[in-house]
Number of protein chains: 2
Amino acid sequence: MSSEDSGADHRRSIELLWGRAETGRRGPKPRLSVTEVVAAGVKLADEEGVAAISMRRVAEAVGLSPMALYTYAPSKIELIDLMLDAIWGEMQAPGPELAHWRDRMEFFAKQHWALGRRHPWMLQVGTHRPPLGPNVLAMANTAFGMLDGLGLSGVEIDQLMHLVADYVRGALRTALEADDVERITGITDEQWWQMHEPLLGDLIDRGDFPHLVRVGAEVKTAYRGQNVQLAHFEFGLQRVLDGVEAYIAKRATSGDR
Amino acid sequence: MSSEDSGADHRRSIELLWGRAETGRRGPKPRLSVTEVVAAGVKLADEEGVAAISMRRVAEAVGLSPMALYTYAPSKIELIDLMLDAIWGEMQAPGPELAHWRDRMEFFAKQHWALGRRHPWMLQVGTHRPPLGPNVLAMANTAFGMLDGLGLSGVEIDQLMHLVADYVRGALRTALEADDVERITGITDEQWWQMHEPLLGDLIDRGDFPHLVRVGAEVKTAYRGQNVQLAHFEFGLQRVLDGVEAYIAKRATSGDR
DNA sequence: AGGGAAGTCCGTACGCCGTACGAAGAGCTT
DNA sequence: AAGCTCTTCGTACGGCGTACGGACTTCCCT
């Protein structure tokens, strides 16, 4: 059952993503378009978080009954696929003024970061499968294109792009976690530290975690009120790009192909 | 309500994590220990995936009623915190034979990778807050200690460790996604490509995504049956470490403090 | 020794969730 | 006009986290 069903589902999802669903002629006109439903889902998720992505809530947002949603997307998973492809469409390609590959990659990574910060739910919706919508493919295409003309093989380009994308995703996840501590528990950073003072004080005194204590203290005083997450990301990104640069340089000297 | 409640919950969670819950003397002896419950949760999650982590399922696994679980952990979130701290305890610290920081960091990153591959649910359980259990703190402590003695400030150590950890988490996430395509849909890679042949063929012919097509073709032939995820990770990790190395080198020459 | 406090365990129930199913009605095709 | 197809919706099922209160066990204090 599973293989056949999910196959059919998936095919339908692809049709939806690419707008290939034949405009059924017989029945009543749909009240909405798939695009409208998807946009409402994105809006809801942006405003209320990943937990708000439910068929009932989205249906309510667009003024449909829960079950009527299923004529627009065959399942919640497919709806999320559509939402993901929609937001990936917000990525901008690096312009021609960015001639150097490193500038292009930095631009792209920062676009990715901004996307994840705008739509944090994209990191939480559970990894089902690559949606393979038009926007995702276009994004992947420009990504792979950014390393063209440097004498790298397709495999190398694949690996380097994955490297950068993986780093951005990891950093986004860390940033999201830090946000959630405050958002979910309703506890600010300071309250939190105060709450754990007794325990942490004990540990500090016992000297169990010397490195942690040292680094923690320095970090705490250094970051007063700054956007720690962003600073971490921008620092890390430069290091990653340094690594990429070293590889490309070595690759250029060591052999052409 | 939320602030007070979650505060109390959190405090209790910390007590559980550190085994500080006073051994209540009055009531009947608990049938199980918290450790046993947590271990059962981890086993269940490992074997059946993140969806199997439910109070009812864990209770069933240990032979308790669902509500009895709440005497061991005050909520599902806290239970997961305990599970997370438990598995972080599997991380091994780099031995003294790894004298160079790069060897230590590589070792540590690979431990992290292995941990994520053993317990993929740790990437999916939703980021609530850092658990701050003893194992997590110990892990963080050894992590920060690995860059000691190189003349780096605490802030720099923090940034560099975050960089590596973020990359590993991103790569794990990517690997997980790739696994899930097959695990959830029950469709192998080949079947999948066959299914989308018509659409993809169209796109190739139309020339919309030239870079994607080129890279995809090379990758497809190059990776025949290999562990693509692992290869990606190991390649990416070396590039990241190259970036870290470049930074440390530059830092050593440019100024002591 | 006995009463009460504290703690474990469990059954029931509430409000969420995704979605299977089938009925009702709308609008095009013939 | 008839019939097919498609949209819309109400109901219902099995799952979830967990609030609540009762039954019972064990120990402390008097």
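1. **Surroundings of DNA strand D.** In this predicted model, 26 residues surround DNA strand D. The closest are Arg31(A), Met67(A), Thr71(A), Arg26(B) and Arg56(B). A residue is near a strand if one of its heavy atoms lies within 4 Å of it. Of the strand D atoms within 4 Å of the protein, 57% belong to sugar or phosphate. The rest belong to bases.

2. **Ground rules.** Residues are numbered from 1 along each chain as its sequence is written, and chains are lettered from A and ligands numbered from 1 in the order in which they are written. Local features need pLDDT of at least 70, side-chain atom pairs count only at pLDDT 80 or more, totals for chains, interfaces and linings use all residues, and side-chain values use heavy atoms, with hydrogens and water left out.

3. **Make-up of the DNA surface.** The residues near DNA strand D divide into 11 nonpolar, 6 polar and 9 charged. Here Ala, Val, Leu, Ile, Met, Phe, Trp, Tyr, Cys and Pro count as nonpolar, Asp, Glu, Lys and Arg as charged, and the others, Gly among them, as polar. Helix α3 (residues 55–62) of chain B supplies the largest share of this surface, 3 residues. Helices (H or I, at least four residues) and strands (E, at least two) are DSSP runs, numbered from the N terminus.

4. **Phosphate contacts.** Which atoms of Ser65(A) lie 2.9 Å from a phosphate oxygen of DNA strand D, backbone or side chain? For Ser65(A), a polar backbone atom is at that distance. Ser54(B) uses its side chain: an N or O atom there is 3.0 Å from a phosphate oxygen of strand D. Tyr70(B) places a polar side-chain atom 3.2 Å from a phosphate oxygen of strand D. A polar contact is a pair of N or O atoms within 3.5 Å; within protein, one must be able to donate a hydrogen and the other to accept it, and residues adjacent in sequence count only if both atoms are side-chain atoms.

5. **Chain A overall.** Chain A has 10 helices and 0 strands. Of its 257 residues, 49% count as buried. Buried means under 20% relative accessible area, exposed over 50%, partly exposed in between (1.4 Å probe, protein chains only). Among contacts in chain A with a separation of 6 or more, 76% come from residues 24 or more positions apart. Contact means heavy atoms within 4.5 Å.

6. **Helices α5(A) and α10(A).** Two packed helices are described by the angle between their axes and the distance between the axes. The axes of α5 (residues 101–118) and α10 (residues 228–254) of chain A come within 11 Å and cross at roughly 145°. Axes are lines fitted to C-alpha atoms, for helices over the stretch in contact, and angles run from 0 to 180 degrees between N-to-C directions. The crossing is right-handed. That means the near helix is turned clockwise from the far one by less than a right angle; anticlockwise would be left-handed. From α5(A), the contact includes Trp101(A), Met105(A) and Trp113(A). From α10(A), it includes Phe233(A), Leu237(A) and Ile248(A). The residues of this contact divide into 10 nonpolar, 2 polar and 7 charged.

7. **Glu156(A).** This residue sits in helix α7 (residues 154–185) of chain A. Is Glu156(A) buried or exposed? Glu156(A) is buried, at a relative accessible area of 8%. Beyond its neighbours within four places in sequence, Glu156(A) contacts Tyr247(A) and Arg251(A).

8. **Leu203(A).** Helix α8 (residues 189–206) of chain A holds Leu203(A). Leu203(A) counts as buried because its relative accessibility is 3%. Leaving aside neighbours within four places, its contacts are Asp208(A), Phe209(A), Trp18(B) and Leu137(B). Val213(A) is 10 residues away along the chain, with 9.0 Å between the two C-alpha atoms.

9. **Arg169(B).** Arg169(B) is in helix α7 (residues 154–185) of chain B. Its contacts, apart from neighbours within four places in sequence, are Gly170(A), Arg173(A), Thr174(A), Glu177(A), His112(B) and Leu123(B). Ala109(B) is 60 residues from Arg169(B) in sequence, yet 9.7 Å away, C-alpha to C-alpha.

10. **Gly116(B) and His119(B).** Gly116(B) is in helix α5 of chain B. At 3% relative accessibility, Gly116(B) is buried. Gly116(B) touches Met122(B) and Leu172(B), not counting residues up to four places away. His119(B) lies in the loop between α5 (101–118) and α6 (134–145) of chain B. His119(B) is also buried, at 4% relative accessibility. With the sequence neighbours up to four places away left out, His119(B) touches Val42(B), Asp46(B), Ile87(B) and Glu90(B).
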